[in-house]
Structures are given as C-alpha cells and as structure tokens.
Amino acid sequence: MPPPGYFSSQVNKFLGSHVQRDKMARFVIALCRLLGEFFSKSKDKKELMEKLNAVSNALKVTRHSGQWLRQFPIINGLMNKKNISSISDICEVGARFCMAMYFTLKNMEWLVATKIMKGDGPALSKLAFKFYTYSWLFELTAGIERFISKSTRDRSAKDVIAIVRSTLLLIEGVGTVGWQKVNGKALALIGMSTSAYDCYSTW
C-alpha cells in the first residue's frame, strides 16, 4: 500500500511539470481529432465539431507558447556530447539536431501566427514536420542498432517499446508531411497512444 498522500503528491508533481502538461495537451488534441474524424460527416454534429476545433486550436496555441526556445537545451546537449563512436551515437546526434530544427521552425511559425514576424506559417509548419520525421527516423535507427548490439539476455521489453514508439511517431511525421497518405483516425490514435505512454512512463 502506498503511504497516505502519495497519490495527491504524485498528481501535484506530475502537473507541476510543463513537459507533462504538454503531453496531456497533445493527448487531448489527438482525441479531438479522432472525434472529429468520426463526426465530420454528421450534419447534426456541427456545434460539437466547432467545440472540438475550439479546444484543439486553443491547446495548439498553448503548446506553441510552451515550446518557445526548447531547442536550446537540445543544442546544449549536442555541444556537450562526446565519444561519438557507433552508429547509434551518430543517429542520436542526427535525431537531436533535427528535433532542434523542428522547435526552431515551430517557434518561427508561432511568431508568424502572432503577427510578430512576417512569413508563410503553413510552409514553416510543413518544413518543421519534415525535420520531426527525420528526427524519428534517426531515433528508430539508433534504437534498432542498440537492440541488435545487445545480447539476448540484456534485451528488454523497454527496448521493444522504444522501437515501437519511434516507429509510430515516424508514421505520424510521414502522414503529417504528406509523403504517404495515412488515415486520419490512425494519426489521431498514434497521437493518443504515444502521449498516454509518455505520461505513464513518467508518472
């Protein structure tokens, strides 16, 4: 049995982290998308669709604001990384670089959306998701290389889950960019499942 106050303490700790709130917002956005996919063709669900879009758009703005300058810790980590000697190390550097570019471009998109800077918001978003996709391709390659290099005894379910997660996020990126048509419901489910797992793993 957990000690008294454990659950409330965990909730406060969880909600006190911006990263966890961001994951929860991503989950709700994906849920709204999934419901929208189901109700988009129903004429009597127009009001519900408007509410789902309003919630989703509000959370997207919140996430954009929260992602401001998130690339700098990533860049700092890249600058301090040493002993790059394996394929997984190289892929990890590539993944971090691409993710830093993703956040940089999303910051620029936010500046355009808030009229602080002139530019093509949709074009910036699409380019950002290209780097997002490349990032997860590198991450998936690194995960597979690490898994193969381990002995059978050292391989764990956590390694397999990491590979599955990277695969799902790669599919999400490919579908979002438009390189391959991916069903909207599938993209929504990917967003929900990966966000839920991220929240669970850090609970």
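Begin by selecting helix α2 (residues 18–39) together with helix α8 (residues 184–201): their axes come within 8 Å and cross at roughly 155 degrees. The model on display is a predicted one. Because angles over 145 degrees count as roughly antiparallel, α2 and α8 are roughly antiparallel to each other. Viewed along the line of sight through both helices, the crossing of α2 and α8 is left-handed.

**Second stop: α5 and α6**

Next, select residues 87–113, which form helix α5, and residues 121–149, which form helix α6. The axes of this pair come within 8 Å and cross at roughly 160 degrees, which makes α5 roughly antiparallel to α6. The crossing of α5 and α6 is left-handed. Colouring the contact of α5 with α6 by residue class shows 21 nonpolar, 6 polar and 6 charged residues.

**Third stop: α6 and α7**

Keep α6 selected and add helix α7, residues 157–177. Here the axes of α6 and α7 are 8 Å apart, and the helices pack at an angle of about 155 degrees. That angle makes α6 roughly antiparallel to α7. The crossing of α6 and α7 is left-handed. In the contact of α6 with α7, the residues divide into 13 nonpolar, 6 polar and 6 charged.

**Fourth stop: α3**

Now isolate helix α3, residues 46–66. This helix has 21 residues, and the distance from its first C-alpha to its last is 30 Å, close to the 30 Å expected at 1.5 Å a residue. Which residues of α3 are buried? Select Met49, Leu52, Ser56, Arg63, His64 and Gly66 to display them. Then turn the view to look down the axis of α3: the buried residues fall within an arc of 155 degrees, so they line one face of the helix. On the face of α3 turned away from that buried side, select Lys46 and Glu47, which are exposed.

**Final stop: Leu111**

Return to α5 and select Leu111, which lies in that helix. Is Leu111 buried or exposed? Its relative accessibility is 16%; since buried means under 20%, Leu111 counts as buried. To finish, add Ser65 to the selection and draw a C-alpha to C-alpha distance from Leu111. The two residues are 46 apart in sequence, and their C-alpha atoms are 9.7 Å apart in space.

Methods
Residues are numbered from 1 along each chain as its sequence is written. This is a predicted model: local features need pLDDT of at least 70, side-chain atom pairs count only at pLDDT 80 or more; totals for chains, interfaces and linings use all residues. Side-chain values use heavy atoms; hydrogens and water are left out. Axes are lines fitted to C-alpha atoms, for helices over the stretch in contact, and angles run from 0 to 180 degrees between N-to-C directions. Helices (H or I, at least four residues) and strands (E, at least two) are DSSP runs, numbered from the N terminus. Angles under 35 degrees count as roughly parallel, over 145 as roughly antiparallel, 65 to 115 as roughly perpendicular and the rest as oblique. A crossing is left-handed if the near helix is turned anticlockwise from the far one by less than a right angle, and right-handed if clockwise. Ala, Val, Leu, Ile, Met, Phe, Trp, Tyr, Cys and Pro count as nonpolar, Asp, Glu, Lys and Arg as charged, and the others, Gly among them, as polar. The expected span of a helix is 1.5 Å times one less than its number of residues. Buried means under 20% relative accessible area, exposed over 50%, partly exposed in between (1.4 Å probe, protein chains only). The arc is that of the directions from the helix axis to the C-beta atoms.
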